[in-house]
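Subject: Structure for you to look at

Dear colleague,

Here is the structure I said I would pass on. My notes on it follow below.

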Amino acid sequence: MAFFTLALALGSVRAQGTDWPNEYAKRVRSTENVSPLGDEAFGDKVSLFNGTVRFSHDLVALPGNSGLRVALGIFHDPHDIAQGQLNGNWDLDIPYVGAIHESKSAQQNGWVPVPANVDNGYIEFDRSMFWSGNRLTIDGGGGGDLLSIPADPKRVKPVNSINYTYATKDGWFFSELPSVQNGPGKGLIGYAPDGTKYTFNWLGDRASRRVGL
């Protein structure tokens with residue numbers, strides 16, 4: 001009786017599983033179809049934020065069981081003075097919220113929404129000389145600036161119990177985390193327009209040689 005029950009269970013799993021030979025043949029046939037090249041045929045994408053162009057390429061892309069992409073990609077930004085950290089000035093294409101601060105050790109409390117001005121003992125430098133806001137970068141250069149949400153009841157935002165503190169013009173909303181995994185400061189949880197939730201709780205830094213007048 002136990003064996004019979006197990007056989008029925010295995011038969012049910014096979015019936016509900018994927019027909020891998022046909023699925024593989026379907027994917028192979030889809031790559032053989034000839035179609036016109038699109039606007040991003042060579043991985044190039046023009047940023048509407050600053051008018052620059054950058055190139056991206058997927059190293060690994062696997063079919064997933066949800067709308068969230070299962071992929072690992074790299075990108076190259078010719079206008080990035082600091083250049084990428086991988087071979088050939090390429091960098092990992094992963095979602096992040098970034099900003100330029102005056103130094104690595106300046107913010108002892110970790111990530112802060114708005115940095116303080118810098119006083120070196122002789123002159124005080126306004127934050128606008130190095131900091132241009134916090135910006136979400138995702139999907140090969142997309143994203144947007146994180147804007148504070150005013151306490152206006154007419155402001156359109158998701159109706160739930162989450163306390164949103166930032167939003168982008170593209171419809172992203174962010175709430176704060178009390179901490180990050182690798183140091184002091186707060187983290188962020190980003191909610192995409194399609195409902196996907198991204199957790200930003202790992203603080204990283206790298207040198208930037210960007211200068212401004």
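Arg135 is buried, because its relative accessible area is 17% and the cut-off for burial is under 20%. Please keep in mind that this is a predicted model. The side chain of Arg135 forms a salt bridge with that of Asp145, at 3.4 Å from N to O. Arg135 belongs to strand S8 (residues 135-138) and Asp145 to strand S9 (residues 142-145), so the two partners are 10 residues apart and the bridge links distant parts of the chain. Asp145 is partly exposed, at 26% relative accessibility.

There are two salt bridges in the structure. Besides the pair just described, Lys186 bridges to Glu176, with 3.2 Å between the closest N and O atoms. Lys186 sits in the loop between strand S12 (173-177) and strand S13 (187-191), while Glu176 is in S12, so this pair ties together parts that are 10 residues apart in sequence. Both partners are partly exposed: Lys186 has a relative accessible area of 41%, and Glu176 is at 28%. As a general point, side chains of opposite charge can pair when their charged atoms come close.

Back to S8. Which of its residues are buried on each side? Arg135 and Thr137 are buried on one side, and Leu136 and Ile138 are buried on the other, so both faces of the strand are covered. S8 pairs with strand S5 (residues 96-98) in the antiparallel sense, over three bridges. In that pairing, Val97 stands opposite Leu136.

Val97, Leu136 and Ile138 are also among the members of the largest nonpolar core, which has 11 residues in all. The other members are Trp111, Leu146, Tyr166, Trp172, Phe174, Leu188, Ala192 and Phe200. Phe174 has contacts beyond its neighbours up to four places away in sequence, and they include the core members Val97, Leu136, Leu146, Tyr166, Leu188 and Phe200. Phe174 also touches Asn163, Tyr164, Thr165, Thr168, Ile189 and Gly190. A second core, separate from this one, has seven residues, among them Tyr164, Ala167, Phe173 and Ile189.

Tyr164 deserves a note of its own. Tyr164 lies in the loop between strand S10 (147-148) and strand S11 (166-167). Is Tyr164 buried or exposed? Tyr164 is buried, because its relative accessible area is 8%. Leaving out neighbours within four places in sequence, Tyr164 is in contact with Ile149, Pro158, Phe173, Phe174 and Tyr191. The C-alpha atoms of Tyr164 and Phe174 are 5.5 Å apart in space, although the two residues are 10 residues apart in sequence. The side chain of Tyr164 also makes a polar contact of 3.0 Å with the side chain of Asn160.

Now the sheets. An open sheet of five strands runs in the order S10-S11-S12-S13-S14, with antiparallel pairing. S10 and strand S14 (197-200) are at its edges with a single partner strand each, so one side of each has no neighbour in the sheet. S11 and S12 pair over two bridges in the antiparallel sense. Ala167 has Phe173 in S12 as its bridge partner, and both residues belong to the second core.

An open sheet of four strands has the order S1-S2-S3-S4, also with antiparallel pairing. Its edge strands are strand S1 (44-46) and strand S4 (91-92), each of which pairs on one side only. Strand S3 (residues 70-76) pairs with S4 in the antiparallel sense over two bridges, and Ile74 stands opposite Leu92 in S4.

For the chain as a whole, there are two helices and 14 strands. Buried residues make up 23% of the 213 residues. Among contacts between residues at least 6 apart in sequence, 32% join residues at least 24 apart.

Last, confidence. The mean pLDDT of the chain is 75, and 75% of its residues reach 70 or more. Confidence is highest in S13, at 93, and lowest in helix H1 (residues 2-16), at a mean of 38. Residues 1-15 have pLDDT below 50, and beyond near neighbours in sequence this stretch has zero contacts in the model.

Regards

Notes
Residues are numbered from 1 along each chain as its sequence is written. This is a predicted model: local features need pLDDT of at least 70, side-chain atom pairs count only at pLDDT 80 or more; totals for chains, interfaces and linings use all residues. Side-chain values use heavy atoms; hydrogens and water are left out. Buried means under 20% relative accessible area, exposed over 50%, partly exposed in between (1.4 Å probe, protein chains only). Contact means heavy atoms within 4.5 Å. A polar contact is a pair of N or O atoms within 3.5 Å; within protein, one must be able to donate a hydrogen and the other to accept it, and residues adjacent in sequence count only if both atoms are side-chain atoms. A salt bridge is a side-chain nitrogen of Lys or Arg within 4 Å of a carboxyl oxygen of Asp or Glu. Two strands pair if DSSP finds at least two bridges between them. A nonpolar core is a set of buried Ala, Val, Leu, Ile, Met, Phe, Trp, Tyr and Cys residues joined through side-chain atoms within 4.5 Å. pLDDT is the predictor's confidence in each residue, from 0 to 100.
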